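Trainee: Could you take me through one part of this model in some detail? I'd like to look at a cavity and at what surrounds it.

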Amino acid sequence: MSVSLPPSSTQRPSKVRYWMLFLVFVGTVINYVDRANLSVAAPMLKQEFGLGPVELGFIFSAYAWTYVIANIPGGWVIDRFGTRAIYGVAILSWSVLTFMQGFTSRFATLFGMRLGVGVAEAPTFPVNNRVVSIWFAQRERGVATSVYLVGQYIGMAALTPVLFWIAHTWGWREIFYATGLLGIVWAGVWFLGYRDPDKCSWVNAAELAHIRSGGALVEVKSPQGAADAASQKFPWRKLMVLFRNRQIIAICVGKFASLSSLYFFLTWFPTYLISERHMTVLKAGGMTSVPFVAASIGVVCGGLLSDWLLRRGVAVGTARKTPIVTGLLLVPTMSLTVLTDANWLVIAIMSFAFFAQGVASASWSLVADIAPRGMVGITGGAVNFAGNLSGIITPIAIGFIVKATGSFGWALGLISIFAIAGVLCYLLLLGEVKRIELDDDERGGRHVVGTKARTI
């Protein structure tokens, strides 16, 4: 149902966009719990399957192998077929695969299941970015983006102790049964509860006018939605134009840098606490949640700061880059843990560094600001593809470093180097934040004439 009535002068805008934001927030919580549940099971899997550091690194990274490959076509599929159907199928698929991981008895089977989860989860952040782009005005996007991003952390902060308790009480298999069932239920809620703004019967004309006047892409149409056959093809040429754009390159490298520290916490952190800091399983479960709480606060602070700067009249680029650069500059503080044997101080340092990573995660609001119209999904997929290469590189590199050195010290140094590289890209390469506009490719996808950009 399309809503197009003009708003009454006395009509108050509805708040439907916040319900849609809540749906993607919970979806993100479940998404990250299903990514990180393996890190909780890892100490027990290590013993049962006889895994060394390198093998653990590969099993931690398995998810990311297919996730990064599927991100770009995942974004295109969203642009082509719509948000509701694709994300609903994605949630259901990765949740079933998560549940099935509880039945595995070999390294190879578990590895294969993790590859499947990576494919199914690929549409998540392109969907999140698209929902914010079409439901929220530009001045609201920083906070809206922070709300769904905080789902990466708040779910782990709240549920990690529960997952460790489940593992301690029943075993590691029950971790996958519980998290898989949670996602299956949420897939049904998503199908029932989500609609795009131009198809939503619950949103009133005043809210539509509010978000449309603020720059939301309410009537965004997919360039792949035309009837001619050529427009149904994957837009490789436009994708190549995106990857040649300096804004996209800078955000991709910056996203890689930020996600490297995130993947350390999602994969190796519980093992670090147990093997390097000699904590018990239950104590590690409690301590693991503390940095995730700190990161949740960091995400909200980054979004609030960005939107506050915009309201103060600061340029879009400065408002978006300030929290990202500040956060990345502070991530290397995690290396200070090598200087102390006090576990409480280690947790404090790690929590501060993860808080900084949360602040730096605001780059998704940049993607919403620069994505070409009609290519919000594929632009988000392209950035997510590049950024999540860290999900392959970081866990494996840490595994090799731990095997070679017997400690995590150099691994934390590597993550710090990545963070500094991200800072340099945002400061020196990104430049002015502009909406990327692709010239018409004559509708048949034969070639792209060029690109141009306008200042937002």
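Mentor: Start with the lining of the second largest cavity: R35, A36, L38, S39, F60, Y63, R114, Y263, L266 and T267. Keep in mind that this is a predicted model. Three helices each give two or more residues to that lining, namely α1 (16–49), α2 (53–81) and α10 (246–276). The top contributor is α1, with 4 residues. In terms of chemistry, the lining splits into 6 nonpolar, 2 polar and 2 charged residues. As for volume, you're looking at about 70 Å³ of space, and the structure holds 2 cavities of 30 Å³ or more.

Now, where does the cavity sit relative to the domains? Both domain 1 (14–215) and domain 2 (235–435) give residues to the lining, so the second largest cavity lies between them.

While you have the structure open, have a look at the cysteines too. The count of disulfides comes to 0. In general, a disulfide is a covalent bond between the sulfur atoms of two cysteines. Take C252: the closest cysteine sulfur to its own is in C425, 9.8 Å away, and that is too far for a bond, because a disulfide needs the two sulfur atoms within 2.5 Å. Coming from the other side, C425 is in no disulfide either, and its nearest cysteine sulfur is that of C252. Are these two cysteines buried or exposed? C252 has a relative accessible area of 7%, so it is buried. C425 comes in at 15% relative accessibility and also counts as buried, because the cut-off is under 20%.

C425 takes us to helix α17, where it is one of the buried residues, along with others including A411, L412, I415, F418 and Y426. This helix covers residues 409–428, which makes 20 residues. From first C-alpha to last, α17 reaches 29 Å, close to the 28 Å expected at 1.5 Å a residue.

One last stop is I378, which you'll find in helix α15 (residues 376–387). With a relative accessible area of just 1%, I378 is buried. Pick out I78 as well: the pair are 300 residues apart in sequence, yet their C-alpha atoms are 7.9 Å apart in space.

Conventions:
Residues are numbered from 1 along each chain as its sequence is written. This is a predicted model: local features need pLDDT of at least 70, side-chain atom pairs count only at pLDDT 80 or more; totals for chains, interfaces and linings use all residues. Side-chain values use heavy atoms; hydrogens and water are left out. On a 1 Å grid over the protein atoms alone, a cavity is a set of points where a 1.4 Å probe fits but cannot get out, and a pocket is an open set with protein on both sides within 12 Å along at least five of seven lines; lining residues have an atom within 4 Å of a point. Grid points are joined across faces, edges and corners, and a volume is the space filled by probe spheres set on the points. Ala, Val, Leu, Ile, Met, Phe, Trp, Tyr, Cys and Pro count as nonpolar, Asp, Glu, Lys and Arg as charged, and the others, Gly among them, as polar. Domain bounds come from an automatic or database domain assignment. The expected span of a helix is 1.5 Å times one less than its number of residues. Buried means under 20% relative accessible area, exposed over 50%, partly exposed in between (1.4 Å probe, protein chains only).
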